[in-house]
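Grab a coffee and open the viewer. Here is a handful of exercises on strand pairing, helix packing and backbone angles, each with a worked solution.

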Amino acid sequence: MSQAATAGRRGSPRRFNLRERIRDRDTAVYGVLIIVAILFPMVTIYATDGTALVSHATRAGYFVLLAIGLNVVVGFAGLLDLGYAAFFAIGAYSYALLASPQLESSPAHHAVHITFWILMFVSLLAAAAAGAVLGFPTLRLRGDYLAIVTLGFGEIVPQLFYNFDQWTGGINAVGLIDQPRLPVWVQGPWSGDGPFTFVRDFSFNGDPVAYYVLIVILIAVAVILVNNLYRSRLGRAWMAIREDEVAAAAMGINTVTTKLLAFGIGASFSGFAGAYYGASVSLVSPDSFLFIVSITVLVMVVLGGMGNITGVIIGALVMYTVIFYLIPGLPENAVSLANNVGLGGIVPASGDWPGLAEETQRLNFIIYGIILVGMMLLRPQGILPSRVREQELKHAAVQEEETVVEQAHAS
Amino acid sequence: MSEPAADNILELTDLTKRFGGLVAVDNVSLNIKRGEVFALIGPNGAGKTTLFNNVTGLFKPTSGRVLFDGRDITGFKPHQVARRGIARTFQNIRLFDYMSCLDNVRVGRHVRMKAKVWDSLFKLPRERKEEERVTEEAMELLRFVGIAKHANQYARNLAYGQQRRLEIARALATDPKLLLLDEPAAGFTPQEKVELMQLVKKILGRGITVFLIEHDMKVVMGISERIVVLDHGEKIAEGPPDEVRKDVRVIEAYLGKSA
């Protein structure tokens, strides 16, 4: 006993170092992300003389929020959810209906305008409730079966918003959505608004910088909360269920409620993101929440590093850049590249050749596919994998040696 | 049945489990006294693990009753059984492979923790305190089974014997009154078997009753006070090790009928 205890004391410092090193990687990533987040609007506004890139960042932001939420379900609890966009839709419509003229033309004949700051939490609760409702009958299913049911849910929800057109406007979408307002706002050179000024009774009104600040704060809050959960009783229960559901139940974990919590909490982040989306785009239509959105977020989570919060954030940012910035810009860039290297001859269309720009346009999805396949081949564990996968890959060999040595000592 | 219920930690009454036409456990009744080591033996396929699964709620008995600590727990869900105070290990080790040893044990503590979602979300002081306490308790258990120095390693990376010990530590973390060990000495070297027997005695010293399935007769004879023998789901013998060893039906079950 005492021998084991002293061995434990001797053995721990090195291992705690290892833990610290890996934790440091997360700290470093968070540090870089914070600095980039602060500098991004100033630098891009100065460099490009416009806020187009900041607008892009606000859109990337809600994908980050969605990825953080889906990571709770898929990465922590190991439940494959293919209909995550449904909760996003529920969050967005909750805000859109309660903060626009929409309900005036509905059977209620009375428009509702509640402030964004309250509706943000209403959307959160609506999405979480939807998560629990969906979860209840399905969580006894496992693996693939669960994935199929969530897939179905993801298909049903946009259809509901589409078909309940008396209330939701259906295909006409909900427009003229209220903008968040604040009693005081600060503007200055950093947001390209000239000298430092206080603005009273500020309306976001499509101001990309204001939305950018809002989403950065929302993400920061989400990261802190999810981190807390990850290192808690509930976080361990999720991981235990992911690893071995039977053993988890035998250890006293109520697997049904624990999985429901994963679904509900994961969904609540997309409710948050939905309210933000509704406000920032000011137009919510059923087409914005199709299957492709669920898959895009899932790709972000898997490519970034399932189970690891920093990885998922990076994954969302990288994939957003690829899907919504690089690939749409590809035809233009291909043309200018061809012109610059003296291949200007292939640019115009002639005969069967549709022209370089058109051809690249047609190849968009092939290029996207190649990028996905390539990334998964190069880094199957994700860009920044969780400690679990990384340590497993990195140290399996080392520890094998260790145990051999230990066994030799023991016998 | 002559003893009052309070002396028995576990009472099985006419427990039967059928899978379609197959009767895996056939009308088995047995009583386990508080504070003893009780062994369940029998040839492969005799229904030993099925009996464990019926007690711990993984299966629902077809008929019969399971009384634990004077309360009927027949048909309880696994987590409810664990909460009542029955913990178990598995025949083919079922650890949380990609969680650290410390976390494996802390998961075992889950059922005795109080932190709610809000406490964890906002890291309230009482949640922090509970986490600290649980971490210490978990480390104590790792020391108890002798693998404290591996606390931060993934369960998967432990040697086989250490994994069995970790599984026991995880089960102990649930604060059980009754510990079910499913072939704890399987695949052990003679030295490891001796260490296991010492560990079982230490567990008894904590006031925990031990109910084990084991094939190794040396281990069974060495630590258990009473033995039940199962064959084709039926109880064929019960008693202290020396008597059971001489029982004709037991010898037949293991060695086949002699002429």
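**Exercise 1: a hairpin in chain B**

B:Leu67 stands opposite B:Asp72 in E5(B). Work out how E4(B) and E5(B) run, and which residue between them has a positive phi.

*Solution.* Some ground rules before the steps. This is a predicted model, where local features need pLDDT of at least 70 and side-chain atom pairs count only at pLDDT 80 or more, while totals for chains, interfaces and linings use all residues. Residues are numbered from 1 along each chain as its sequence is written, and chains are lettered from A and ligands numbered from 1 in the order in which they are written.

- Step 1: pick out the elements. Helices (H or I, at least four residues) and strands (E, at least two) are DSSP runs, numbered from the N terminus.
- Step 2: check the pairing, for which DSSP has to find at least two bridges between two strands. Strand E5 covers residues 71-72 of chain B, and two bridges join E4(B) to it in the antiparallel sense.
- Step 3: look between the strands. The hairpin has two residues there, and B:Asp69 takes a positive phi near 55 degrees.
- Step 4: follow E4(B) (residues 63-68) to its other partner. Strand E1 (residues 8-19) of chain B pairs with E4(B) antiparallel, over five bridges. There, B:Leu12 has B:Val66 as its bridge partner.

**Exercise 2: the open sheet**

Find the strand order of the six-stranded open sheet in chain B, then name its edges.

*Solution.*

- Step 1: reading across, the order is E6-E7-E8-E3-E9-E10 (chain B), and the pairing is mixed.
- Step 2: the edges are strand E6 (86-88) and strand E10 (234-239) of chain B, each of which pairs on one side only.
- Step 3: now the twist. Axes are lines fitted to C-alpha atoms (for helices, over the stretch in contact), with angles from 0 to 180 degrees between N-to-C directions. Neighbouring strands in this sheet are turned by 20 degrees against each other on average, direction ignored.
- Step 4: zoom in on one edge. E6(B) pairs with strand E7 (residues 178-182) of chain B in the parallel sense, over three bridges, and B:Ile86 has B:Leu178 as its partner.
- Step 5: add a helix. Helix H1 (residues 48-56) of chain B lies across E3, E6, E7, E8 and E9 of chain B, at about 150 degrees to E7(B).

**Exercise 3: helix packing in chain A**

Classify how helix H3 (residues 85-98) of chain A packs against H5(A), and how H2(A) packs against H11(A).

*Solution.* Angles under 35 degrees count as roughly parallel, over 145 as roughly antiparallel, 65 to 115 as roughly perpendicular and the rest as oblique.

- Step 1: the axes of H3(A) and helix H5 (residues 143-163) of chain A come within 8 Å and cross at roughly 25 degrees. So H3(A) is roughly parallel to H5(A).
- Step 2: list the contacts, meaning residues whose C-beta atoms, placed from the backbone, lie within 7 Å. The H3(A) side has A:Ala85, A:Ala86, A:Ala89, A:Ile90 and A:Tyr93, meeting A:Phe153, A:Gly154, A:Val157, A:Pro158 and A:Phe161 of H5(A).
- Step 3: sort by class: Ala, Val, Leu, Ile, Met, Phe, Trp, Tyr, Cys and Pro are nonpolar, Asp, Glu, Lys and Arg charged, and the others, Gly among them, polar. The contact of H3(A) with H5(A) gives nine nonpolar, one polar and no charged.
- Step 4: the axes of helix H2 (residues 52-76) and helix H11 (residues 291-305) of chain A come within 9 Å, crossing at roughly 70 degrees. That makes H2(A) roughly perpendicular to H11(A).
- Step 5: the H2(A) residues in this contact include A:Phe63 and A:Leu66, and those of H11(A) include A:Val297 and A:Met300. The class count is nine nonpolar, three polar and no charged.

**Exercise 4: positive phi**

Locate B:Asn27 and B:Lys123, and decide how exposed each one is.

*Solution.* Most residues other than glycine have a negative phi.

- Step 1: B:Asn27 has phi near 55 degrees and sits in strand E2 (residues 22-33) of chain B.
- Step 2: B:Lys123 has a positive phi of about 45 degrees, in the loop between helix H4 (117-121) and helix H5 (125-145) of chain B.
- Step 3: count neighbours. A residue is buried if 20 or more other C-beta atoms (placed from the backbone) lie within 10 Å of its own, exposed if 12 or fewer, and partly exposed in between. B:Asn27 has 15, so B:Asn27 is partly exposed. B:Lys123 has 17, so B:Lys123 is partly exposed.

Notes
Two residues are in contact if their C-beta atoms, placed from the backbone, lie within 7 Å.
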